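Q: Please take a close look at a single part of this structure, and then work outward from there. I work at the bench, so spell out the cut-offs behind each term.

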Amino acid sequence: MSYPNRTRLEPVVNAAKGALIGAANTIPGVSGGTLAVVTGIYDRLVEAIAHFFRGPGGWKVNVRFLTPVVIGVAVGILAFARVVDFFLQTYPDQTAFFFIGLILGSLPFIVKTGLAGRFRLAYVPAGALTFGVLVVMAMAGRPPQTEPITTVTAVTALILFGGGALSSATMVIPGISGSFILLVIGLYSTLITAARDLDASVLGVFMAGAVLGIIIISKLIAFLLERYHGVTYSAIVGLVLGSTVTLWPGAPESVGVAVIDVAVFAAGFAAAYFLGTGGKTEAAATG
């Protein structure tokens with residue numbers, strides 16, 4: 001794999017994409033991995049993490065690529081924790097429809113770049129299976145939140161580290177929401193509270209586990225993309241499509257609400273088109 005020549009705006013664009021990924025990771029039901037696919041940097045991101053020292057151009061190239069993305073993710077989580085919480089509490093349905101539009105608007109680009117010239121009928125079961133998994137998760141519903149951890153002890157540090165490793169691993173996998181996993185294991189309120197209050201001790205332990213989880217799962221996904229690219233991307237498409245089911249808030253209550261929902265859906269769809277255009281440019285440069 002070769003990478004495109006850098007432009008002066010590339011770090012800024014990658015930081016913006018990282019911020020979107022980070023913001024997505026604070027929303028139960030939305031996958032940061034999905035947003036990485038939507039923004040067109042998923043393959044590059046996985047490759048840079050999994051093959052940090054032996055990728056094209058060596059570790060320096062990967063550092064230049066990852067640094068703005070990581071900064072963007074951190075800013076997205078910290079800066080948007082309160083914003084996301086506000087919209088989820090005040091406009092939950094509209095927030096869901098925006099992300100559904102964002103995801104569906106990106107699917108043509110994802111299919112074209114991920115499966116172009118490689119589609120086989122044998123790929124369908126992988127996509128159907130992962131789509132089914134997300135449907136089952138949606139039917140299971142979201143577990144209630146628990147009281148946040150605010151003090152780091154030997155026991156809570158182990159919980160935070162393990163939770164960070166587990167949830168971050170799923171954040172790398174498109175369609176599987178790291179925030180949803182945090183809800184399942186009872187750490188969602190802890191992370192949101194720590195991000196809102198800038199609790200360095202809680203965030204530090206959690207992020208240490210997150211780094212380990214991201215490295216391990218990135219190596220696995222990089223291996224699958226190298227050996228079984230078509231099947232793996234078919235599974236990714238199933239996960240991305242299935243994530244819209246987990247986000248679906250239900251039918252609008254009135255015509256007025258429906259109009260607003262359609263408008264925010266269209267805004268998300270348009271945003272995906274813009275991001276997809278950037279991804280196409282990147283893909284063309286790497287081709």
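**A covered helix and its surroundings**

A: Let's start with α11, which is mostly covered: 16 of its 19 residues are buried. Buried means under 20% relative accessible area, exposed means over 50%, and partly exposed is in between (1.4 Å probe, protein chains only). Helices are DSSP runs of H or I with at least four residues, strands are E runs of at least two, and both are numbered from the N terminus. This is a predicted model, in which local features need pLDDT of at least 70 and side-chain atom pairs count only at pLDDT 80 or more, while totals for chains, interfaces and linings use all residues. Residues are numbered from 1 along each chain as its sequence is written, and side-chain values use heavy atoms, with hydrogens and water left out.

From its first C-alpha to its last, α11 reaches 27 Å, close to the 27 Å expected at 1.5 Å a residue. That expected span is 1.5 Å times one less than the number of residues. As for the setting, the protein has 12 helices and zero strands, and 47% of its 287 residues count as buried.

Just beyond this helix comes a useful contact. Trp248 sits in the loop between α11 (229-247) and α12 (255-286), and its partner Phe97 belongs to helix α5 (residues 92-115), so the pair links parts of the chain that are 151 residues apart. The ring centres of Phe97 and Trp248 are 5.3 Å apart and the planes stand at 85°, so the pair is edge-to-face. Rings of Phe, Tyr and Trp (its six-membered ring) pair if their centres lie within 6.5 Å; planes under 30 degrees apart count as stacked, over 60 as edge-to-face and the rest as tilted. Phe97 is buried, with a relative accessible area of 8%.

The whole structure holds five aromatic pairs. Another of them joins Phe87 and Tyr91, with centres 6.0 Å apart and planes at 40°, so this pair is tilted. Here the rings are partly exposed: Phe87 has 37% relative accessibility, and Tyr91 has 40%. Both residues also belong to a nonpolar surface patch with Phe80, Val83 and Phe86, and together the five have about 440 Å² of accessible area. Such patches take residues with over 30% relative accessible area and no salt bridge; nonpolar side chains (Val, Leu, Ile, Met, Phe, Trp, Tyr) are joined within 5 Å, like charges within 9 Å. The areas come from the Shrake-Rupley method with a 1.4 Å probe, and for residues only the protein chains shown count as cover. Phe80 lies in helix α4 (residues 58-90) and is partly exposed at 34%.

Finally, let's look at the stretch leading into α10. Leu198 lies in the loop between α9 (188-197) and α10 (200-227), and this residue is exposed at 59% relative accessibility. Leu198 has a positive phi of about 55° although it is not a glycine. Most residues other than glycine have a negative phi. Next in line is Asp197, which forms a salt bridge with Arg196, the closest N and O atoms being 3.2 Å apart. A salt bridge here is a side-chain nitrogen of Lys or Arg within 4 Å of a carboxyl oxygen of Asp or Glu, and a search of the whole structure finds one. Asp197 is partly exposed at 46%, as is Arg196 at 39%.
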